[in-house]
Amino acid sequence: MQQMTMHIGIEQGRGLVGRFGDTVILIPGDADEAAGELLDLATAVASDPGMSARMLAARLATWVIGRMPDDVTAFGLVAPVHDGVVMFLRGAVWCEVTEDDSTRVLSGEQALSWVDQIVPPSFSRLAIGSTGGRLVQAHPRSDLRAGVVPGQGFVLTRVTGAGPADGAASPLAARKDAPTEPARRPDAMRPAPVAPAEPVPPAPVARPEPVQPEPARPAPVLREPVAYADPAVRPEPAVRPEPALRPEPALRPEPALRPEPAVRVEPVRPEPVRPEPPV
């Protein structure tokens with residue numbers, strides 16, 4: 001989509017016209033709770049510039065379906081997308097689109113639910129109003145940049161290159177495009193010419209006398225400091241290393257015990273039994 005700047009002219013009247021970025025909404029009639037929800041919805045749509053046309057129309061249709069058939073709040077909204085501008089109408093509002101030399105009018109009042117279309121970026125004028133039978137007559141010096149103002153219609157024109165394509169363009173934009181000329185001063189306020197002053201010869205500059213360099217002195221040789229011993233403190237004698245311990249002689253194994261001689265057991269001889277005398 002070609003980069004463009006939208007100029008929003010306002011037609012005074014009862015209702016609200018809000019602009020959030022390049023998203024513009026018209027809510028005719030008295031403001032109520034539904035109007036506050038619609039303004040919040042327009043703010044949410046403007047905060048997501050990467051939303052596709054189908055997603056944008058589905059989001060608006062979801063709000064309408066959630067309030068049908070009891071609520072018949074009318075509103076018209078336009079929001080830029082990648083391939084043009086999405087136009088959404090619901091209720092007693094209408095839209096007039098001018099492209100080249102042709103003009104077409106769409107009405108939300110004649111639809112049973114709503115009207116949504118994509119307007120190509122080549123349009124030169126797009127108006128949404130709430131009064132039937134006549135065109136939207138925007139104030140020539142109105143230029144809504146952001147916020148919410150009272151109104152019963154708005155005119156959206158494309159401002160590209162040198163200036164806007166409609167007579168309701170912002171005078172500030174025309175002033176910015178017009179070349180600026182330097183302000184002219186009257187002859188009475190022009191300063192009198194000043195005669196150039198005579199050049200003053202420069203004063204002679206005293207040349208400094210050459211300074212003879214001093215002979216280079218040899219750099220002192222730094223010696224390491226020598227620590228002098230204090231005569232009152234005697235150094236302790238060096239500790240002599242103790243002689244290595246001689247290994248103890250290996251213990252001689254004790255001789256094996258000799259076995260004791262076996263004890264001879266003498267046989268016991270029975271004593272002879274003497275017979276007893278007969279009684």
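Start with the open sheet of six strands, whose order is S8-S5-S4-S3-S2-S10, with antiparallel pairing. Colour its two edge strands, S8 (115-119) and S10 (147-150), each of which pairs on one side only. Turn the view a little: neighbouring strands in this sheet are rotated by 15° against each other on average, direction ignored. If you're wondering what holds such strands side by side, strands of a sheet pair through backbone hydrogen bonds.

One thing to keep in mind as you click around: this is a predicted model.

**Stop 1: inside the sheet**

Select strand S3 (residues 23-28) together with strand S4 (residues 75-81). They pair in the antiparallel sense over three bridges. Show Val24 and look across to S4, where Val78 stands opposite.

Now bring in the helices. Helix H1 (residues 33-46) packs on the sheet and touches strand S2 (15-20), S3, S4 and S10. The direction of H1 makes about 170° with that of S3. Next, select helix H2 (residues 53-66), which also packs on the sheet, touching S4, strand S5 (84-90) and S8. The direction of H2 makes about 15° with that of S5.

**Stop 2: Thr23**

Click on Thr23, which lies in strand S3. Is Thr23 buried or exposed? Thr23 has a relative accessible area of 4%, so it counts as buried. Leaving aside residues up to four places away in sequence, its contacts include Gly18, Ala42, Val45 and Ala46, and also Leu77, Val78, Ala79 and Pro80.

**Stop 3: a hairpin**

Move on to strand S6 (residues 94-99) and strand S7 (residues 102-107), which pair in the antiparallel sense over six bridges. Trp94 is a handy marker here, with Ser107 in S7 standing opposite. Two residues sit between the strands of this hairpin, and Asp100 takes a positive phi near 60°.

**Stop 4: salt bridges**

How many salt bridges does a search of the whole structure find? The search finds four, and here are some to visit.

- Show the side chains of Arg19 and Asp22, which meet in a salt bridge (3.1 Å, N to O). Arg19 is buried, at 6% relative accessibility, whereas Asp22 is partly exposed, at 29%.
- Go to Glu37 and Arg67, a salt bridge whose closest N and O atoms are 2.8 Å apart. Glu37 lies in helix H1 and Arg67 in the loop between H2 and S4, so this pair ties together parts that are 30 residues apart in sequence. Glu37 is partly exposed, at 28% relative accessibility, and Arg67 is partly exposed too, at 23%.
- Pick Arg145 and Asp143, where the closest N and O atoms of the salt bridge are 2.6 Å apart. Arg145 has 47% relative accessibility and counts as partly exposed; Asp143 is also partly exposed, at 22%.

**Stop 5: zoom out**

Show the whole protein now. Its secondary structure comes to three helices and 12 strands. Buried residues make up 29% of the 279 residues. Switch on the surface: the accessible area is about 22,300 Å², and 57% of that belongs to carbon and sulfur atoms. Of the contacts with a separation of 6 or more, 65% are between residues 24 or more positions apart.

Finally, colour by pLDDT. The mean for the protein is 75, and 57% of its residues reach 70 or more. Where does pLDDT stay under 50? Select residues 161-189, a stretch for which the model has 22 contacts beyond four places in sequence. Where pLDDT is low, the predicted coordinates should not be read in detail.

How values were computed:
Residues are numbered from 1 along each chain as its sequence is written. This is a predicted model: local features need pLDDT of at least 70, side-chain atom pairs count only at pLDDT 80 or more; totals for chains, interfaces and linings use all residues. Side-chain values use heavy atoms; hydrogens and water are left out. Helices (H or I, at least four residues) and strands (E, at least two) are DSSP runs, numbered from the N terminus. Buried means under 20% relative accessible area, exposed over 50%, partly exposed in between (1.4 Å probe, protein chains only). Contact means heavy atoms within 4.5 Å. Accessible areas come from the Shrake-Rupley method with a 1.4 Å probe; for residues, only the protein chains shown count as cover. Two strands pair if DSSP finds at least two bridges between them. Axes are lines fitted to C-alpha atoms, for helices over the stretch in contact, and angles run from 0 to 180 degrees between N-to-C directions. pLDDT is the predictor's confidence in each residue, from 0 to 100.
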